[in-house]
Amino acid sequence: NEISTLKAQVLQNVAAEKALKQRIGTLGSRLDKVTSASTAAASEHEKEKQALMAEMESLKEIADEKSSLLETTGNRVASLSVEVNDLTSTTESQEKLVMRLKVEND
């Protein structure tokens, strides 16, 4: 009778061990899936990060070009302003000379 009880306990233990092994296998499979999904997400995140960094660098280059163009334009405007002032001064001098010549001719 005691042997029958021990046999039943052994069978229960074997069944429990089998169930635990199945559960461990299931959990291992789920862990693999989660790890795989996490790795894929991290990879996708890294790709997105690299794309954003490249876009940011491109925008920085455009901003630098615009800044350089603005500086060049500002310098050109200043140069033209000097030329306009010189021409205005020359024109005024010529107008005075014309007026003086008119007065002398009259």
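How many helices and how many strands make up the secondary structure of the protein chain? In this predicted model, the secondary structure of the protein chain amounts to one helix and zero strands. The overall dimensions go with that description: the radius of gyration of the protein chain is 45 Å, well over the 13 Å that the globule rule gives for 106 residues, so the chain is more spread out than a compact globule. The C-alpha trace, taken along its principal axes, spans about 155 × 15 × 10 Å.

The surface can be read in the same light. Of the 106 residues of the protein chain, 0% count as buried, a class that is reserved for residues under 20% relative accessible area. The protein chain exposes about 9,800 Å², and carbon and sulfur atoms supply 60% of that area.

A single residue, Leu-87, serves to illustrate these points. Leu-87 lies in helix α1, which covers residues 2-105, and its relative accessible area is 57%; because exposed means over 50%, Leu-87 falls in the exposed class. As for distances along the chain, Leu-87 and Leu-31 are 56 residues apart in sequence, and in space their C-alpha atoms are 82 Å apart.

The charged side chains come next. The protein chain carries 14 positive and 18 negative side chains, and the centres of these two sets lie 17 Å apart. Where side chains of opposite charge meet, the structure holds three salt bridges, which can be taken in turn.

Toward lower residue numbers, the side chains of Glu-17 and Lys-21 meet in a salt bridge with an N to O distance of 3.3 Å. Glu-17 and Lys-21 are four residues apart in helix α1, so about one helical turn separates them. Glu-17 counts as partly exposed at 42% relative accessibility, whereas Lys-21, at 55%, counts as exposed.

Another salt bridge joins the side chains of Asp-64 and Lys-60, here with an N to O distance of 3.7 Å. Asp-64 and Lys-60 are also four residues apart in helix α1, and about one helical turn therefore lies between them. Asp-64 is partly exposed, with a relative accessible area of 43%, and Lys-60 is likewise partly exposed, with a relative accessible area of 46%.

The remaining salt bridge is formed by the side chains of Glu-83 and Arg-76, for which the N to O distance is 3.9 Å, a value that is within the 4 Å cut-off used for such contacts. Glu-83 counts as partly exposed at 39% relative accessibility, and Arg-76 counts as partly exposed at 46%.

Taken together, the picture is of a protein chain with one helix and zero strands, more spread out than a compact globule, with 0% of its residues counted as buried and with three salt bridges in the structure.

Conventions: Residues are numbered from 1 along each chain as its sequence is written. This is a predicted model: local features need pLDDT of at least 70, side-chain atom pairs count only at pLDDT 80 or more; totals for chains, interfaces and linings use all residues. Side-chain values use heavy atoms; hydrogens and water are left out. Helices (H or I, at least four residues) and strands (E, at least two) are DSSP runs, numbered from the N terminus. The radius of gyration is taken over C-alpha atoms; the globule rule is 2.2 Å times the number of residues to the power 0.38. Buried means under 20% relative accessible area, exposed over 50%, partly exposed in between (1.4 Å probe, protein chains only). Accessible areas come from the Shrake-Rupley method with a 1.4 Å probe; for residues, only the protein chains shown count as cover. Lys and Arg count as positive and Asp and Glu as negative; His and the chain ends are not counted. The place of a charge is taken as NZ of Lys, CZ of Arg, CG of Asp or CD of Glu.
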